[in-house]
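Let's take a walk through a protein together. Keep the picture open while you read, and find each residue as it comes up.

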Amino acid sequence: MDTGSPSGAVGRSGTGTDTPRRAGGAGARADGVTATRTSGAATDAASGTRSGAGTAPSAGVSSGPAAGPPATGARGRLVAYARLAKFEFVLDYYLSMVVLWTALAGSVRFAPDTLTTLLLFLLGEVGVISAVMALDDVNGIRDGSDRANYLGTGGTPLRPLERKPLLTGALTVDQATRFGYLSLLWGAVFWASAALAAPERPLWALVVTGLVLFAGFQYSWGLKLSYRGLGEVLIMGCPLVIVVAPYGFVTGHLPATVLVQAVLFGLWQILVSCYSNTKDISGDAAVGRSTVAVHASARGNLLFIGALSAADLLLTVGASAVGWAPWWFFAALLPEMALRLRQFTSFSRNGDALLARRRGVVAFRTGVAGIVLANLIHFAS
């Protein structure tokens with residue numbers, strides 16, 4: 001999962017000190033992919049697993065060059081669990097609440113039942129996202145992909161290891177698994193409470209909320225949907241739902257403007273994660289994770305990212321042109337569109353996936369600010 005995204009559902013790339021590799025240029029493929037594909041049974045040197053196995057436990061889960069002492073004391077354990085949940089990286093997911101709250105009419109925003117419903121949904125969202133992140137890390141340590149993506153040969157750190165408490169030994173696999181299940185239970189209880197407290201309960205809102213609750217944590221766990229080619233669908237679909245579902249619980253309907261904003265919110269997430277997946281081609285391919293970056297050629301992956309980037313721009317301008325949003329809506333997102341063009345064109349030239357990923361985070365936050373501004377102007381006029 002892209003745990004460093006403005007925070008995915010759902011690549012395990014960080015924004016730290018990775019050495020960039022050329023992964024998106026028109027010619028070269030990412031390092032090691034050709035070897036991975038032509039030798040499907042080869043042993044992955046970094047992870048100690050066999051390529052494509054995807055299920056063999058990694059030896060020494062909490063030992064080895066990266067291991068340290070377990071987290072002790074209330075503060076130490078709290079920090080370790082917060083890192084397991086990727087709390088500092090997934091904060092941007094919770095901007096969904098700001099987007100949908102500002103999309104509500106002024107008279108509805110401060111209604112007691114609105115605030116209660118949104119608070120309960122937000123608390124559930126924290127639990128569901130924490131479960132996804134925790135169980136993804138458990139799977140990553142078991143199949144060796146986190147070691148492959150975070151540790152080089154000989155245990156040399158490739159990325160800041162403190163964001164992976166299972167690699168550092170701060171937490172055990174059992175602790176992380178238990179935390180993941182309890183977080184999922186927390187999320188289910190609060191989402192059910194939100195639905196019960198909501199002034200409206202349209203069937204579509206109940207269905208999509210249930211789908212995210214069921215499918216989200218199975219990105220790497222259970223059904224392992226990202227190993228079955230559904231990772232990108234979850235990365236975009238889950239953020240989209242956490243905008244539209246609570247809006248539906250409050251209003252009972254879904255106007256085109258809100259749907260457009262939700263699609264953009266999800267699209268901007270995948271336009272961070274697809275670059276992470278590009279950086280993680282070798283590690284993901286070795287354990288059988290099925291992403292577009294793994295299966296496509298370098299040019300095919302670049303075309304995929306280009307198509308997503310074009311969809312962002314076309315939807316933004318098209319929504320204004322056809323009346324799905326105010327005619328001036330695209331103007332509020334001009335800064336985001338400029339950053340998106342810069343992100344893609346730079347990546348197509350230099351293939352620096354991590355730089356493009358960081359620029360995607362900036363573009364995401366800039367876009368959310370533009371949507372919020374547009375909503376506030378719209379309901380103030």
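Start on the outside, with Leu 203. With a relative accessibility of 64%, Leu 203 counts as exposed, because anything over 50% gets that label. You'll find Leu 203 in helix H10, which covers residues 203–215. Leu 203 also has company: together with Leu 206, Val 207 and Leu 211 it makes up a nonpolar patch on the surface. Those four residues add up to about 380 Å² of accessible area. One handy bit of background here is that an α-helix has 3.6 residues a turn, so residues three or four places apart point the same way. Before we go further, bear in mind that this is a predicted model.

Now let's head inside. Where do the nonpolar residues gather? The largest nonpolar core has 63 residues, and among those with the most contacts inside it are Phe 121, Trp 268 and Phe 347. Helix H11 (residues 231–251) gives this core its largest share, 12 residues. There's also a second, separate core of 22 residues, including Ile 141, Leu 151 and Phe 179.

Next, trace helix H6, which runs over residues 112–143. H6 has 32 residues and reaches 47 Å from its first C-alpha to its last, close to the 46 Å you'd expect at 1.5 Å a residue. Is H6 mostly covered or mostly open? Mostly covered: 23 of its 32 residues are buried. Just after H6 comes Gly 144, which takes a positive phi of about 90°.

For a good example of a buried residue, look at Ser 96 in helix H4 (residues 95–102). Ser 96 counts as buried because its relative accessibility is 0%. Leaving aside residues up to four places away in sequence, Ser 96 touches Glu 125, Ile 242, Val 243 and Phe 265.

Time for some charges. How many salt bridges does the structure hold? Seven. Take the one between Lys 86 and Asp 137, where the closest N and O atoms are 2.5 Å apart. Lys 86 lies in the loop between helix H2 (73–84) and helix H3 (87–90), and Asp 137 lies in helix H6, so this pair ties together parts that are 51 residues apart in sequence. Lys 86 counts as buried, at 1% relative accessibility, and Asp 137 is buried too, with a relative accessible area of 1%.

Another salt bridge joins Asp 92 and Arg 365, with 2.7 Å between the closest N and O atoms. Since Asp 92 sits in the loop between H3 and H4 while Arg 365 sits in helix H18 (residues 353–380), the pair ties together parts that are 273 residues apart in sequence. Check the two ends of this bridge: Asp 92 is buried at 8% relative accessibility, whereas Arg 365 is partly exposed, with a relative accessible area of 45%.

One more pair is worth finding. The side chains of Asp 284 and Arg 289 meet in a salt bridge at 3.5 Å, N to O. Asp 284 counts as buried at 0% relative accessibility, and Arg 289 counts as buried at 1%. Finally, go back to Lys 86 and Asp 137: through salt bridges that share partners, they join with Lys 164 into one network.

How values were computed: Residues are numbered from 1 along each chain as its sequence is written. This is a predicted model: local features need pLDDT of at least 70, side-chain atom pairs count only at pLDDT 80 or more; totals for chains, interfaces and linings use all residues. Side-chain values use heavy atoms; hydrogens and water are left out. Helices (H or I, at least four residues) and strands (E, at least two) are DSSP runs, numbered from the N terminus. The expected span of a helix is 1.5 Å times one less than its number of residues. Buried means under 20% relative accessible area, exposed over 50%, partly exposed in between (1.4 Å probe, protein chains only). A nonpolar core is a set of buried Ala, Val, Leu, Ile, Met, Phe, Trp, Tyr and Cys residues joined through side-chain atoms within 4.5 Å. Contact means heavy atoms within 4.5 Å. Patches are made of residues with over 30% relative accessible area and no salt bridge: like charges are joined within 9 Å, nonpolar side chains (Val, Leu, Ile, Met, Phe, Trp, Tyr) within 5 Å. Accessible areas come from the Shrake-Rupley method with a 1.4 Å probe; for residues, only the protein chains shown count as cover.
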